Amino acid sequence: MEETNDLNRRKFFGKLGAGTLAMMAANTIPAYSIHSSLDKGKLAVLGGEPIRKNKAWPAWPQVTEKMLNAMADTTRSAKWSRISLKDGNVDTFEKAYAQLIGTKYCVGTGSGTQALATCVEALGIEPGDEVITSPYTDMGTVSAIITSRALPVLADLHADSYQIDPEDVERKITPHTKAIIPVYLGGLACDMDRIMAIAKKHNLKVIEDACQGHLAGYKGKKLGTIGDLGCFSFQASKGIACGEGGAVVGNDFDLMEQCFTVQNHGTARNGKHVTIGPKYRMNEFEGAILMAQLDGVRERFELRNANADYLNAKLKDFPGLVPQRRYEGTENGGLYIYALAYHKEHFNNADRSKFLKAIQAEGIGFTGYIPNGLHREPWVDHLTGLRSYKKMYSTARLKTFKEQMVLPQCDIASSRMVSLWASGPLLGSRQDMDNIIDAIMKVYDHRDKLSEI
Ligand SMILES: Cc1ncc(COP(=O)(O)O)c(C=O)c1O
């Protein structure tokens, strides 16, 4: 079912009577309440009792006996590099993860950034080439492109989904474009049907940045299995975590062997040194933690999704905080974060920073997540000032590159983002989820007090 914000907002506004609409026309926003009967007292930020006091969220990552034993066994074995043994922890994890995701092959790496950089290099993307990606992502996505000295071209977003707008992707294709890296922000799918159609039409490769999208489904496929290659992060905060770690998945044997070779400092499995490549190998300790953590992975995934669905249902017709839009065909999410869009007109025009301060004081750790799109970060000027980039790209191309760093929808999206880190908190109970809703409604009920913060 398509769960778009448009629909929600239409439903909400559809319920409003003529009087209410007149109020809105006069710039007064009607009140709304999910738990109107609950007495929530004074805002905690102004000295009241917090909704959630001294109550920890479920810990993530969780440390299990199995993990401790696996680490001890690995330590004792003195085989700490994957090249020291055959069928060690990393080999075993690669097979298990490929099976979990539904691809033929998987190659472990030392991080999600390394997985992405491995794919860019393995696909033969070189200086002079362009790769189109999202501005609203971890710097690792862009870093993977510039490591191969290619030009990262940033497409604007659909502000309500926080995902790249396929039409802007298509507008930014040039004869130099070699690939698209769609980023699954929040572990939810982009409009992948459209992105794949554009890639096919223009003969472009697709590297999926599924660093936040473990196990998430879209139209019967798992994220990471739709394009040519898929990348995952197992960084400490992720839903599957080993400190720092990553993986590339895919079904094309030759391409996946090339990925193995690239991340193995250009050395193929047969020991021949054949290409350019850094050393991005996952080590045996990381493999040990990950293997042990696969226990219960589906149950945790389902729990996070059930809790996100519960929150979304509660907020369904509330226009002040609108859940991240899901494209048609989205089955569930990796849910690294639970993301909402803050509409200040429903909070007495209070700045998002005030809302965040108020809700954090209630014991709910919402943040603004990525403060602004990557088009607003200093790397853009750094890149265009580099001697290497000036040699490889004409002045006109670098000028266009900079001019394209105007991404108004991304600016709107980042200014509205209100996100809860989900790997731990969304493993909570229904009561934990109700605390989130109660805190939102408490702040909303006291929206006229936000100016005092
Ligand atoms: C969307 C996205 N892409 C890339 C990365 C980079 O992954 P890593 O931190 O494992 O290098 C991350 C990690 O936060 C991410 O969230």
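H265 is placed in the loop between α9 and α10, the latter helix covering residues 284–293, and this residue offers one way into a model that is predicted. Phi of H265 is near 40°, which is a positive value in a residue other than glycine. With a relative accessible area of 37%, H265 is partly exposed, because that figure lies between the limits of 20% for buried and 50% for exposed. The points below turn to other backbone features, then to the ligand, the largest pocket, and several single residues with their places in the chain.

**Backbone features in loops**

- A78, found in the loop between α3 and α4, has a positive phi of about 60° although this residue is not a glycine.
- The relative accessibility of A78 is 56%, so A78 counts as exposed, the cut-off for that class being over 50%.
- The peptide bond that runs from W60 to P61 is cis, with its omega near 0°.
- P61 has its place in the loop between α2, which covers residues 18–25, and α3, which covers residues 65–77.

**The ligand and the residues around it**

- There are 15 residues around the ligand, and those that come nearest are G112, T113, D209, S233 and K238.
- In G112, a backbone N or O atom lies 2.7 Å from an oxygen atom of the ligand, while in D209 a polar side-chain atom lies 2.7 Å from a nitrogen atom of the ligand.
- K238 likewise brings a polar side-chain atom to the ligand, at 2.6 Å from one of the ligand's oxygen atoms.
- Taken alone, the ligand exposes 390 Å², and the protein buries 92% of that area.
- Helix α5, made of residues 112–122, gives the most to the shell around the ligand, contributing three residues.
- By residue class, the shell around the ligand divides into three nonpolar, nine polar and three charged residues.

**The largest pocket**

- The largest pocket holds about 460 Å³ of space.
- Its lining is made up of 24 residues, of which R82, D91, E94, F260 and R269 are the closest to the centre of the pocket.
- The elements that give two or more residues to this lining are α4 (89–101), β1 (105–109) and α9 (253–263).
- Helix α4 supplies the largest share of the lining, namely five residues.
- The lining residues of the largest pocket divide into 10 nonpolar, five polar and nine charged.

**Single residues, their exposure and their distances**

- G102 lies in the loop between α4 and β1, and at 52% relative accessibility G102 counts as exposed, because the class begins over 50%.
- Although G102 and L407 are 305 residues apart along the chain, what can be stated of them in space is that their C-alpha atoms are separated by 35 Å.
- E362 is found in the loop between α12, covering residues 352–361, and α13, covering residues 379–385.
- With a relative accessibility of 0%, E362 counts as buried, because that value falls under the 20% limit.
- The C-alpha atoms of E362 and L43 are separated by 7.5 Å, while the two residues stand 319 residues apart along the chain.
- K222 is found in strand β9, which consists of residues 221–222, and its relative accessible area of 22% makes K222 partly exposed.
- Between K222 and I240 there are 15 Å in space, C-alpha to C-alpha, and the two are 18 residues apart in sequence.
- K390 has its place in helix α14, which covers residues 387–392, and with a relative accessible area of 53% K390 is exposed.
- From K390 to I289 the separation is 44 Å in space, C-alpha to C-alpha, and 101 residues in sequence.

Key:
Residues numbered from 1 in each chain as written. Predicted model: local features only at pLDDT ≥ 70, side-chain atom pairs only at ≥ 80, totals over all residues. Heavy atoms only, no water. 1 Å grid on protein atoms, 1.4 Å probe; cavity = no way out; pocket = protein on both sides within 12 Å on 5 of 7 lines; lining within 4 Å. Points joined across faces, edges and corners; volume = space filled by probe spheres on them. Helix = DSSP H or I, 4+ residues; strand = E, 2+ residues; numbered from the N terminus. Nonpolar A, V, L, I, M, F, W, Y, C, P; charged D, E, K, R; others polar. Near = heavy atom within 4 Å. Polar contact = N/O pair within 3.5 Å; in protein donor to acceptor, adjacent residues only side chain to side chain. Areas by Shrake-Rupley, 256 points an atom, 1.4 Å probe, with all protein chains shown as cover. Buried < 20%, exposed > 50% of the residue type's maximum accessible area, 1.4 Å probe, protein only.
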